[in-house]
There are 2 protein chains.
Amino acid sequence: MKSVKIGIIGLGNIGCGVMEILQRNSGLLASRLGASIEVVRVADIDPDRPRDVTVPEGVMTVDAMDVINDPEVQIVVELIGGIEPARSYILAAINRGKHIVTANKALLSTHWSELSKKAGAKGVTLGFEGSVAGGIPLVRTIKVGLVANRILSVTGIINGTCNYILTRMHKEHMTFSSVLGDAQDKGYAEADPAMDVDGVDAAQKLAILVNLCFNIPVSPEDFPYQGISRLIPLDLEVAEDFGCRIKLLATAGRSGGEVEAWVHPSLVPEGHPLASVDGIFNAVYIQDDNLGPSLYYGRGAGRLPTGSAVVSDVVSCVRDILSGAVERIPVSGYRTISNSEPPMKLAGNTASEFYVRVSAHDSPGVLSTISGILGKHGISISSVIQRGRETDPGGGVPLVMITHEAVFSRMLEALQEIDALDVTIGESFLMRILMTS
Amino acid sequence: MKSVKIGIIGLGNIGCGVMEILQRNSGLLASRLGASIEVVRVADIDPDRPRDVTVPEGVMTVDAMDVINDPEVQIVVELIGGIEPARSYILAAINRGKHIVTANKALLSTHWSELSKKAGAKGVTLGFEGSVAGGIPLVRTIKVGLVANRILSVTGIINGTCNYILTRMHKEHMTFSSVLGDAQDKGYAEADPAMDVDGVDAAQKLAILVNLCFNIPVSPEDFPYQGISRLIPLDLEVAEDFGCRIKLLATAGRSGGEVEAWVHPSLVPEGHPLASVDGIFNAVYIQDDNLGPSLYYGRGAGRLPTGSAVVSDVVSCVRDILSGAVERIPVSGYRTISNSEPPMKLAGNTASEFYVRVSAHDSPGVLSTISGILGKHGISISSVIQRGRETDPGGGVPLVMITHEAVFSRMLEALQEIDALDVTIGESFLMRILMTS
């Protein structure tokens with residue numbers, strides 16, 4: 001039986017998942033491919049760390065360049081994450097004509113153009129299924145399954161840690177910090193949770209989705225994003241009263257001749273398919289011109305789900321190699337920039353209905369002052385909610401307002417003015433409302 | 001710009017959808033492929049029927065062999081449906097070395113081995129994304145996205161007509177026949193609805209899924225299937241009382257060293273992701289060894305959703321042609337029969353908990369007689385529901401029983417005996433209960 005030889009850089013959590021799948025399902029993969037996938041080189045800076053997978057004798061090295069320079073290796077799997085040295089390793093491997101498989105969202109979301117151009121120039125494949133939505137075959141769905149369709153919008157729950165926290169805050173009426181602590185104990189949140197709970201991870205994945213769906217090279221700096229750490233139980237209660245669930249949504253869509261994108265905690269109406277996606281699960285809801293809505297749901301993280309995505313990319317490279325395919329699908333899914341693709345909307349110009357929570361002293365005229373400022377900035381209020389006289393964490397009385405559709409930059413200007421008032425305490429809190437037209 | 005030439009046999013509803021997508025999204029497709037897709041031959045027995053797509057001058061013919069024999073045509077799209085002459089056309093095109101794209105579930109579910117072997121022998125691709133779950137890229141998800149994973153079970157709502165009828169019966173407390181009439185008026189059900197409501201369509205699609213997921217060549221004759229036409233509003237009410245929705249499920253899964261498959265109306269617990277799939281939508285829930293559960297949701301029928309799947313298959317062929325790929329992925333996704341694949345379980349040996357409704361005369365001792373017969377066949381009852389004294393359509397009093405897990409063949413034997421009793425009226429009605437272990 002033929003064998004295709006691969007090398008892996010980074011034998012951490014995902015790397016071990018990839019090894020486990022390649023070993024456990026080797027018979028299945030061989031029956032599908034008519035060939036075997038052989039891991040001939042594995043690099044890790046800590047080769048002796050205890051691991052629950054066996055690396056064959058003579059395969060392990062501490063030097064990533066041993067993987068890249070091995071003439072037998074046709075596919076290099078990069079799983080160390082982060083920008084450098086991952087970027088340099090990938091570029092070096094591309095230069096040597098190796099196919100690349102990576103799950104590195106930080107790198108792809110900031111160096112998309114460089115990497116996709118280099119891979120294109122060298123005629124190698126760069127697979128990145130594992131970088132967005134873990135095990136859900138989302139990248140393939142967009143590049144292959146929905147290839148005939150113009151994507152109108154993509155809206156996802158793409159950070160499992162945040163979704164786990166929000167689900168427990170909703171179901172158990174717990175505070176953010178108490179769920180976070182528990183999630184850290186259970187391994188669902190990192191010791192340093194900032195990348196997840198501050199929305200950075202979701203923003204990186206969204207940048208990749210914008211590149212894929214709209215062929216616009218963006219990075220997370222090109223759109224607004226915000227996390228969930230400032231949510232309080234009151235927000236979830238009010239959302240529930242409005243028949244909504246709160247989810248950290250990442251969305252991008254065509255709007256008025258442009259593409260707008262954002263990551264924000266959002267009120268999602270209960271009837272929407274994303275509202276019932278709970279726990280660590282991810283789901284992505286796509287609207288396109290032929291299929292209308294479609295939804296893809298599954299585990300967005302973890303060694304086996306992400307490992308499954310990485311191995312599926314390896315298999316695609318193996319299929320290309322065995323079938324003699326050269327440059328079968330470009331990294332972005334596009335050969336040429338289409339003139340019909342709209343430009344990116346400036347972050348400030350994105351518009352939504354908003355949920356605004358202000359902490360105020362309990363004194364007369366506060367609502368009038370605040371609504372006056374909003375009105376001055378062209379923002380009209382559809383509902384005001386004031387729940388008894390309970391105080392919020394800042395010591396004030398929480399005042400919640402739901403607005404009609406408003407432009408993000410004007411909302412920020414209004415809130416800056418509101419936050420500077422003597423009658424308000426601390427910083428106001430903002431969420432989007434998912435509009436289901 | 002390069003151009004790849006295709007021919008279409010059958011310009012009906014789906015055929016027009018394919019033409020519309022190729023024309024409307026020609027710029028998008030060209031930017032993705034770096035080449036254009038040109039329809040150079042279209043065959044239809046009724047070329048002059050009014051259609052809302054334009055076929056270029058000189059392209060239309062009444063003879064399918066004109067498409068197959070055209071030396072320019074590299075990909076033949078078969079959209080006439082049914083077994084013959086579709087089978088002969090496809091075989092003729094394969095013999096001439098053309099790639100095939102079809103959405104013909106009736107043909108694939110009965111002639112899978114023949115077609116996949118012929119395509120393999122000639123080294124051509126046979127794409128059939130449109131044959132299951134319409135626009136949802138499910139075939140690709142199984143053959144490519146989840147390629148590294150051993151599929152444990154696949155459970156789907158894959159007939160939109162039935163799901164539309166069941167949704168309205170549930171929400172509007174209507175009878176089967178009144179919803180069916182309305183669905184026919186709205187174009188959601190055929191004038192002859194038997195293929196849909198009797199479960200044949202779902203069984204054909206399930207046969208294709210079994211081939212794909214388990215590499216076992218089966219046809220609908222190899223597993224039990226049943227439709228929804230005998231459901232009465234009481235069934236939906238009882239299901240609701242048990243916290244369940246009724247769905248026509250098609251399922252196949254590994255069970256005790258074998259693969260069991262069936263299509264039955266089923267009670268689905270409200271918390272299950274399939275319970276909330278409403279209206280004409282399809283959804284397929286897959287369990288595998290690496291990803292655990294994943295779900296794929298979208299429109300399962302219609303000219304544009306199915307057209308989108310057909311065009312995605314055409315694009316995959318075009319990508320193979322342009323990249324020089326030969327025999328990149330076999331029809332079934334497998335190169336060799338794996339010895340580790342389990343055999344198919346005999347239809348009668350499939351096991352579930354069951355919902356049984358019997359129509360009986362309102363006389364003493366009936367329940368004792370019926371439960372005695374069930375017990376004699378090794379079937380134990382977990383609940384009995386008798387709703388007042390209202391009569392069912394047969395003039396008797398409906399008696400509903402929920403059983404513990406039981407073997408299908410024994411259940412059929414018991415029901416045959418129960419239906420022969422003097423105290424029962426007409427034929428009993430059976431549903432499965434989806435077990436969520």
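Copies are superposed by least squares on the C-alpha atoms of residues with pLDDT of at least 70 in both. The legends below describe a predicted model.

**Figure 1. Relation between chain A and chain B in the predicted model.** Chain B is brought onto chain A by a rotation of 180° with 0.0 Å of shift along the axis, and the RMSD of the superposition is 0.0 Å. This is the relation of a two-fold axis. The residue of chain B that comes closest to the rotation axis is B:A325, whose C-alpha lies at 2.1 Å. Of the interface residues of chain B, 98% are also interface residues in chain A, so the two copies meet through the same surface.

**Figure 2. The interface of chain B and chain A.** Each side is represented by a set of residues: 58 from chain B and 58 from chain A. Together the chains bury about 5,000 Å², of which 52% is on carbon and sulfur atoms. Three arginines, B:R32, B:R319 and B:R328, supply 16% of the area that chain B buries against chain A, more than any other three residues. The interface holds 32 residue pairs in polar contact, counting pairs with both residues at pLDDT 80 or more. On the chain B side, at least two residues each are supplied by helix 1 (13–24), helix 2 (26–33), helix 6 (138–145), strand 11 (292–299) and helix 12 (303–323). Helix 12 of chain B gives the most to this side, with 10 residues.

**Figure 3. Salt bridges across the interface, and the network around A:R24.** Four salt bridges are found between chain B and chain A. One of the pairs that meet in a salt bridge is B:D289 with A:R24, whose closest N and O atoms are 2.7 Å apart. B:D289 and A:R24 also belong to a network of salt bridges that links them with A:E20, A:D52 and A:R303. Within this network, the side chains of A:R303 and A:D52 meet at 3.2 Å, N to O. A:R303 is in helix 12 (residues 303–323) of chain A, whereas A:D52 is in the loop between strand 2 (35–43) and strand 3 (60–61) of chain A, so the salt bridge ties together parts that are 251 residues apart in sequence. A:D52 counts as exposed, at 59% relative accessibility.

**Figure 4. Two further salt bridges, one in chain A and one in chain B.** Over all chains, the whole structure has 52 salt bridges. In chain A, the side chains of A:E417 and A:K376 meet at 2.4 Å, N to O. This pair links distant parts of the chain, with A:E417 in helix 14 (residues 408–419) and A:K376 in helix 13 (residues 366–376), 41 residues apart. A:E417 is partly exposed, at a relative accessible area of 30%, while A:K376 is exposed, at 55%. In chain B, B:K186 and B:D182 form a salt bridge whose closest N and O atoms are 3.0 Å apart. Both residues lie in helix 8 of chain B, four residues apart, which is about one turn of the helix. B:K186 counts as partly exposed at 47% relative accessibility, and B:D182 is likewise partly exposed, with a relative accessible area of 22%.

**Figure 5. The surroundings of A:L138 in the largest nonpolar core.** In soluble globular proteins, nonpolar side chains tend to be buried together. The largest nonpolar core of this model has 174 residues, and those with the most contacts inside it are A:L138 and B:L138. Leaving aside residues up to four places away in sequence, A:L138 touches A:E129, A:V132, A:A133, A:L209, A:V284, A:I286 and A:Y296.

**Figure 6. Cis peptide bonds preceding A:P85 and B:P85.** In chain A, the bond from A:E84 to A:P85 is cis, with omega near 10°. A:P85 is placed in the loop between strand 4 (75–78) and helix 4 (86–95) of chain A. In chain B, the bond from B:E84 to B:P85 is also cis, here with omega near 5°. B:P85 is found in the loop between strand 4 (75–78) and helix 4 (86–95) of chain B.

**Figure 7. Positive phi values at B:H173 and B:N215.** B:H173, which is not a glycine, has phi near 50°. It sits in the loop between helix 7 (160–172) and helix 8 (176–186) of chain B. B:N215 has a positive phi of about 55°, although this residue too is not a glycine. The loop that holds B:N215 runs between helix 10 (200–214) and helix 11 (233–241) of chain B. B:H173 counts as exposed, at 54% relative accessibility, whereas B:N215 is buried, with a relative accessible area of 11%.

Conventions:
Residues are numbered from 1 along each chain as its sequence is written. Chains are lettered from A and ligands numbered from 1 in the order in which they are written. Side-chain values use heavy atoms; hydrogens and water are left out. Buried means under 20% relative accessible area, exposed over 50%, partly exposed in between (1.4 Å probe, protein chains only). Contact means heavy atoms within 4.5 Å. A nonpolar core is a set of buried Ala, Val, Leu, Ile, Met, Phe, Trp, Tyr and Cys residues joined through side-chain atoms within 4.5 Å. Buried area is the accessible area (1.4 Å probe) that two parts lose on being put together, summed over both. A polar contact is a pair of N or O atoms within 3.5 Å; within protein, one must be able to donate a hydrogen and the other to accept it, and residues adjacent in sequence count only if both atoms are side-chain atoms.
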